[in-house]
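You asked for a quick read-through before you open the viewer for the first time. Here are my notes, in the order I'd go through them.

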Amino acid sequence: MDALPASPLQPDVIALPRKPEAGDGRTNLVGLTRPALEAALAEAGLPAGQVRMRAAQVWQWIYHWGVRDFAAMTNLSKAVRALLAERFAIRVPEVARREVSADGTRKYLVRLEGGHEVETVYIPEEGRGTLCVSSQVGCTLTCSFCHTGTQRLVRNLTAAEIVGQVLLARDDLGEWPVRGAPKDETRLLSNIVLMGMGEPLYNFEAVRDAMRVVMDGEGIALSRRRITLSTSGVVPEIARCAEEIGCLLAVSFHATTDAVRDVLVPINRKWNIAALLAALRDYPRLSNSERITFEYVMLDGVNDSDEDARRLVRLIAGIPAKINLIPFNEWPGAPYRRSPEARIRRFADIVHKAGYASPIRTPRGEDIMAACGQLRSATERARRIRSGVGAAP
Ligand code: SAH
Ligand code: SF4
């Protein structure tokens, strides 16, 4: 097994250079917020009076039309196109591997600059589709049921790499508009969940900037209500998430006593259930959103009793909430088992009778191991076997 970080509570992320270089010295425009894009164009020498309009045009080409080549930006003069091509690039991470499940779930193993890999998963549903996006390579936290938590850390993703996951999924889905074609209002990629690898609130600025890019009305234009950020409970960043992103919030709750949550979600030792709930109570008002999703992974004999269900309901009283019950996705060497189906249903019933929606998440894409962290690990294992290093999970 990979070595665990020394302390589960200290973020230990390797800092990246702030400037999103494209490898050849050109700055990648993907992931820059609108003001940052304007500043980049001004710095490249575009006349001050033109910067705003040119930035709006480039923005539309990248995020509305899905264009990656400055030469195709036909409403810019040839001289401007040449200048942009010399100074900038429009770069999206490479898809190292793509798998499509029998149920339509698509999983991308995404290779970042420097060779690290993360996962992005697209889940089609009736009339909509959700993209599960990663925010870090690995995770500094060490939730005991989560496979990502066993992977050695690693680094924060840049805003470019977070936005890039959305762009590459739209490429794969063929979802860029075609000029002259009737506008299709049904979106294949209509929702984003920050539930892939990593703790998004430990990479706050990049996640915020990336979400501002995808929410911008002139481009991908996903409303903030179609974006859900999932956190393990980084309490000091929760209010900031409401104020600076304003998206929906999901919280990995998973236990109803501090003793159990300390083990399952070790960040609880730093910010316990009471501190977390206090921050959550303020969230809907601060973000003007309706309700918070409580994620609750069902672990056999650990957190799944009737008493747990009743305690959960008492704890969250007064918070507009939905409880997402997640059957534990088992991974090789995991110290837990999935709760039996009847147990999960009984738990859901108790929560439901108390007045909360309590959907049980249907496992998707199991044939391609679409659960958190598993495809990347499988690939790493295969590599280690090939290089003779051993096949430990
Ligand atoms: N770090 C963030 C977001 C990524 S994890 C967080 O913890 O919220 C996304 C969700 O998947 C979390 O609710 C997490 O607890 C859950 N999860 C992780 N591993 C899982 C597993 N093996 N089975 C079921 N759910 C899991
Ligand atoms: Fe990190 Fe979330 Fe996994 Fe915990 S559940 S180890 S916070 S990715």
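**Notes on the model**

1. Let's start with one residue: I316 sits in the loop that runs between α9 (306-315) and β13 (321-327). Keep in mind that what you are looking at is a predicted model. Is I316 buried or exposed? Its relative accessibility is 0%, so I316 counts as buried; the cut-off for that label is under 20%.

2. What does I316 touch, once residues up to four places away in sequence are set aside? The list is L277, F294, A321, I323 and Y356. Another pair to look up is I316 and R281: they are 35 residues apart along the sequence, and their C-alpha atoms are 8.8 Å apart in space.

3. Now for the chain as a whole. Its secondary structure adds up to eleven helices and 13 strands. The chain has 393 residues, and 54% of them are buried. If you take the contacts between residues at least 6 apart in sequence, 67% of these join residues at least 24 apart. The chain exposes about 17000 Å², with carbon and sulfur atoms supplying 52% of that area.

4. Helix α1 (residues 34-43) is a good one to look at end-on. Its buried residues are L37, A40 and L41. They span an arc of only 95° around the axis, and that puts them on the same side of α1. On the face turned away from this buried side you will find the exposed residues P35 and E43.

5. What covers the buried residues of α1? The cover includes α2 (48-64), α3 (78-87) and β2 (88-89). After α1 comes G45, which has a positive phi, near 110°.

6. Helix α6 (residues 235-244) can be read in a similar way. Here V235, E237, I238, C241 and A242 are buried. Looking down the axis of α6, you see the buried residues fall within an arc of 150°, so they line one face of the helix.

7. Which elements do the buried residues of α6 pack against? They pack against α5 (204-215), β10, β11 (248-252) and α8 (273-287). α6 is followed by G246, and the phi of G246 is positive, near 75°.

8. Two charged side chains deserve a look. E117 belongs to strand β5 (residues 117-125), and with a relative accessibility of 4% E117 counts as buried. The side chain of E117 makes a polar contact of 3.0 Å with the side chain of R111.

9. The other one is R155, in strand β8 (residues 155-156). At 7% relative accessibility, R155 counts as buried. Its side chain is joined to that of E161 by a polar contact of 2.9 Å.

10. On to ligand 1. There are 18 residues around it, and G198, S230, S252, H254 and N329 come nearest. The shell is made up of eight nonpolar, eight polar and two charged residues. β10 (227-231) and β12 (292-298) each supply at least two residues of this shell.

11. Which atoms of the protein lie close to polar atoms of ligand 1? A backbone N or O atom of G198 is 2.9 Å from a nitrogen atom of the ligand. A polar side-chain atom of H254 lies 2.6 Å from an oxygen atom of ligand 1. For E295, a side-chain N or O atom is 3.1 Å from an oxygen atom of ligand 1. On its own, ligand 1 would expose 530 Å², and the protein buries 93% of that.

12. Last, ligand 2. Which residues surround it? They are C139, L141, C143, C146, G149, G198 and S232. This shell divides into four nonpolar and three polar residues, with no charged ones. When you reach G198, remember that it also appears among the residues that come nearest to ligand 1.

Methods: Residues are numbered from 1 along each chain as its sequence is written. Chains are lettered from A and ligands numbered from 1 in the order in which they are written. This is a predicted model: local features need pLDDT of at least 70, side-chain atom pairs count only at pLDDT 80 or more; totals for chains, interfaces and linings use all residues. Side-chain values use heavy atoms; hydrogens and water are left out. A residue is near a molecule or strand if one of its heavy atoms lies within 4 Å of it. A polar contact is a pair of N or O atoms within 3.5 Å; within protein, one must be able to donate a hydrogen and the other to accept it, and residues adjacent in sequence count only if both atoms are side-chain atoms. Accessible areas come from the Shrake-Rupley method with a 1.4 Å probe; for residues, only the protein chains shown count as cover. Helices (H or I, at least four residues) and strands (E, at least two) are DSSP runs, numbered from the N terminus. Ala, Val, Leu, Ile, Met, Phe, Trp, Tyr, Cys and Pro count as nonpolar, Asp, Glu, Lys and Arg as charged, and the others, Gly among them, as polar. Buried means under 20% relative accessible area, exposed over 50%, partly exposed in between (1.4 Å probe, protein chains only). The arc is that of the directions from the helix axis to the C-beta atoms. Contact means heavy atoms within 4.5 Å.
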